[in-house]
Amino acid sequence: MTIQHSYQCLVLLSALCAACLMGCATDNPAGTAADLPGARGQITRRAFGKTKEGTPVDLFTLRNTKGAEARICNYGGLVISLKVPDRNGKFGDVVLGYDMLDGYLKSSPYFGAIIGRYGNRIAKGKFTLNGKEYTLAINNGPNALHGGIKGFDKVVWTPKILATPDGPALELRYLSKDAEEGFPGNLSVIAVYTLTEDNGLKLDYTATTDKDTVVNLTQHSYFNLAGKGDNLHHEVMIKADKFTPVDSTLIPTGELRPVEGTPFDFRKSTAIGARINQDDEQLKFGKGYDHNWVINKPAGKLGIMARVYEPTSGRVLEVLSTEPGLQFYTGNFLDGTITGKGGWVYQFRNAFCMEPQHYPDSPNHPNFPSVVLKPGQVYKHTLIYRFSVQP
Ligand code: GLA
């Protein structure tokens with residue numbers, strides 16, 4: 001072997017080693033947001049696995065300077081874990097999910113996911129827009145749920161690490177093609193997660209289309225602020241005088257019903273378990289709470305929708321959004337068949353979801369705020385899950 005040959009071998013060997021190191025590395029610090037001028041916090045990136053089709057997926061770890069940490073994956077925009085302090089400053093994970101990508105690929109009740117193109121149900125999977133009827137897949141009883149068979153929770157988003165003065169941020173982009181899951185128009189979506197300095201996980205959505213379409217994007221994290229047990233002792237306040245009652249298949253009847261005098265009155269903070277088992281037709285239809293509240297706040301304005309307090313940990317979650325409605329779901333379909341992170345078997349009502357959005361089945365209810373997006377318009381939605389503690 002000549003000197004030149006051995007030099008070439010050495011170069012090849014070091015290139016291979018470097019590639020292996022990058023590929024096998026746990027938290028690869030490339031793209032550390034703290035290195036960029038004006039930016040705060042940190043993001044690291046590492047391989048998280050591959051989809052069934054073989055597309056590689058990464059896991060991004062966002063940390064603010066207060067020590068809070070969010071792990072987000074560019075498959076489904078999933079929030080894999082979210083660690084925030086309790087009243088003693090002890091950090092704990094407050095969302096349900098799986099340890100590995102595999103769990104999410106096999107079967108997931110939308111743990112931590114971005115939901116689209118249409119969050120929640122569309123009756124019988126049909127709606128009419130500009131006189132044309134569109135048909136969607138039926139994937140929930142007689143209805144369409146959460147964007148279809150392969151909604152935004154099951155696609156690979158194109159990730160980009162952003163440096164922002166608000167905190168480390170992850171931009172995710174997805175182009176939902178015309179006729180995908182039956183919806184009209186090429187919809188170009190940008191979702192930016194930011195972990196803010198005041199322990200908020202912020203999600204900014206923008207979307208544009210080239211044909212009239214319907215859009216309703218939300219987030220489907222399952223929270224348990226104690227990090228264990230059921231959700232019944234969490235105390236919930238929802239800023240709403242009205243909610244949208246449903247039929248037995250969870251489609252709104254169209255009525256905006258006052259919460260006054262019903263188990264749906266959360267204007268004063270009340271434990272989830274206080275009334276959830278009452279003999280009430282709406283609670284029976286949902287097997288608990290699985291309804292949309294009509295939030296008291298001007299449309300399009302970012303404001304508080306709900307506040308949840310968990311007495312043993314002292315953790316508080318505030319939900320803010322620009323949307324008109326909030327789907328509050330109490331994990332009534334969890335039934336002990338899923339073993340999640342750290343071996344926790346997720347039982348009935350072990351978590352709750354707070355999904356800011358337009359009302360379910362809006363395309364079929366002209367009296368509900370419109371979900372139509374036209375070419376030239378920009379869909380915008382900001383939501384924040386903000387954490388703090390109460391003594
Ligand atoms: C939403 C729905 C629920 C349920 C969950 C996912 O919250 O309203 O009925 O489908 O998603 O299991």
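Biologist: Which of the 13 residues around the ligand come nearest?

Modeller: Arg121, His146, His220, Asp290 and Glu355 come nearest. A residue is near a molecule if one of its heavy atoms lies within 4 Å of it. The model is predicted: local features need pLDDT of at least 70, side-chain atom pairs count only at pLDDT 80 or more, and totals for chains, interfaces and linings use all residues. Residues are numbered from 1 along each chain as its sequence is written, and side-chain values use heavy atoms, with hydrogens and water left out.

Biologist: What makes the pair formed by the side chain of Asp290 and an oxygen atom of the ligand a polar contact?

Modeller: A polar contact is a pair of N or O atoms within 3.5 Å; within protein, one must be able to donate a hydrogen and the other to accept it, and residues adjacent in sequence count only if both atoms are side-chain atoms. An N or O atom in the side chain of Asp290 is 2.3 Å from an oxygen atom of the ligand, so this pair is within the limit of 3.5 Å. For Arg121, the corresponding distance to a ligand oxygen atom is 2.6 Å, and for a polar side-chain atom of Glu355 it is 2.8 Å. The protein covers 95% of the 300 Å² of accessible area that the ligand has on its own, by the Shrake-Rupley method with a 1.4 Å probe; for residues, only the protein chains shown count as cover.

Biologist: Why is Gly148 called buried?

Modeller: Buried means under 20% relative accessible area, exposed over 50%, and partly exposed in between, with a 1.4 Å probe and protein chains only. Gly148 has a relative accessible area of 7%, so Gly148 is buried. Of the 391 residues of the chain, 54% count as buried.

Biologist: How do you know that Gly148 touches Asn139 and Glu181?

Modeller: Contact means heavy atoms within 4.5 Å. Gly148 touches both Asn139 and Glu181 on this basis, not counting residues up to four places away in sequence. Gly148 is found in the loop between strand 10 (144-145) and strand 11 (158-162); strands are DSSP runs of E with at least two residues, helices are runs of H or I with at least four, and both are numbered from the N terminus.

Biologist: Why is the chain called as compact as a globular protein of its length?

Modeller: The chain has 3 helices and 29 strands. Its radius of gyration is 22 Å, close to the 21 Å that the globule rule gives for 391 residues, so the chain is as compact as a globular protein of that length. The radius is taken over C-alpha atoms, and the rule is 2.2 Å times the number of residues to the power 0.38.
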